[in-house]
Amino acid sequence: MLSLSSEQRDEFTVVKVSGNLDLTSRDQFDQYLTAARRGSRQLIIDMSDVTFMDTGCLAVIVGHYKRLSASGSLVLAGARYRPAKALWITGLAYRLPLYESVDDAIAGGPPAAGGEPSADAELPATS
């Protein structure tokens, strides 16, 4: 189940996403981001409570990122590797602005180094 909410923080609209971003929630997610873009040119997608994300919803994020790139910004905050590994598998974690937290995104500055997953990222073990 997907839960979406938003709040205004400084000049940013923070879209809080909780639950699964998948085929069944893609249209709802897209419509929510479209409405949020109408009200703000500075979006932060808080992904700290995302439990799963497929590539279809990642494409939705990329589409909104491209639409805002000329006149605003869209950044991701709180994405963790295991539930949102599509970001890393596709290489988009290294191309989209990705912050450890919403507070970090609001504070500005550089995104997390090289799009690296956060400390609680639960990366797969390597030998």
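In the predicted model, Ser-18 has Asp-49 of strand β3 as its bridge partner. This pair belongs to the pairing of β2 with β3 (residues 42-53), in which the two strands run parallel and are joined by eight bridges. The connection between them passes through helix α1 (residues 26-39), and β2, α1 and β3 together form a right-handed β-α-β unit.

Strand β3 also pairs with strand β4 (residues 73-77), again in the parallel sense, over five bridges. Within this pairing, Ile-45 is placed opposite Leu-76 of β4. A right-handed β-α-β unit is likewise made by β3, helix α2 (residues 55-69) and β4. Strand β3 thus takes part in both units, one with β2 and α1 and the other with α2 and β4.

Thr-13 lies in strand β2, which spans residues 12-21. The relative accessible area of Thr-13 is 7%; because this value is under 20%, the residue is classed as buried. Two polar contacts involve the side chain of Thr-13: one, of 2.9 Å, is made with the side chain of Gln-8, and another, of 3.2 Å, with the side chain of Ser-40. Both Gln-8 and Ser-40 are also listed among the residues that Thr-13 touches when those up to four places away in sequence are not counted. The other residues touched are Ser-6, Glu-7, Ala-36, Gln-42, Leu-43 and Ile-44. Of these, Ala-36 falls within helix α1 (residues 26-39), whereas Gln-42, Leu-43 and Ile-44 fall within β3 (residues 42-53).

Notes. Residues are numbered from 1 along each chain as its sequence is written. This is a predicted model: local features need pLDDT of at least 70, side-chain atom pairs count only at pLDDT 80 or more; totals for chains, interfaces and linings use all residues. Side-chain values use heavy atoms; hydrogens and water are left out. Helices (H or I, at least four residues) and strands (E, at least two) are DSSP runs, numbered from the N terminus. Buried means under 20% relative accessible area, exposed over 50%, partly exposed in between (1.4 Å probe, protein chains only). A polar contact is a pair of N or O atoms within 3.5 Å; within protein, one must be able to donate a hydrogen and the other to accept it, and residues adjacent in sequence count only if both atoms are side-chain atoms. Contact means heavy atoms within 4.5 Å. Two strands pair if DSSP finds at least two bridges between them. A crossover is right-handed if, with the strands pointing away from the viewer, the path from the first strand over the helix to the second runs clockwise.
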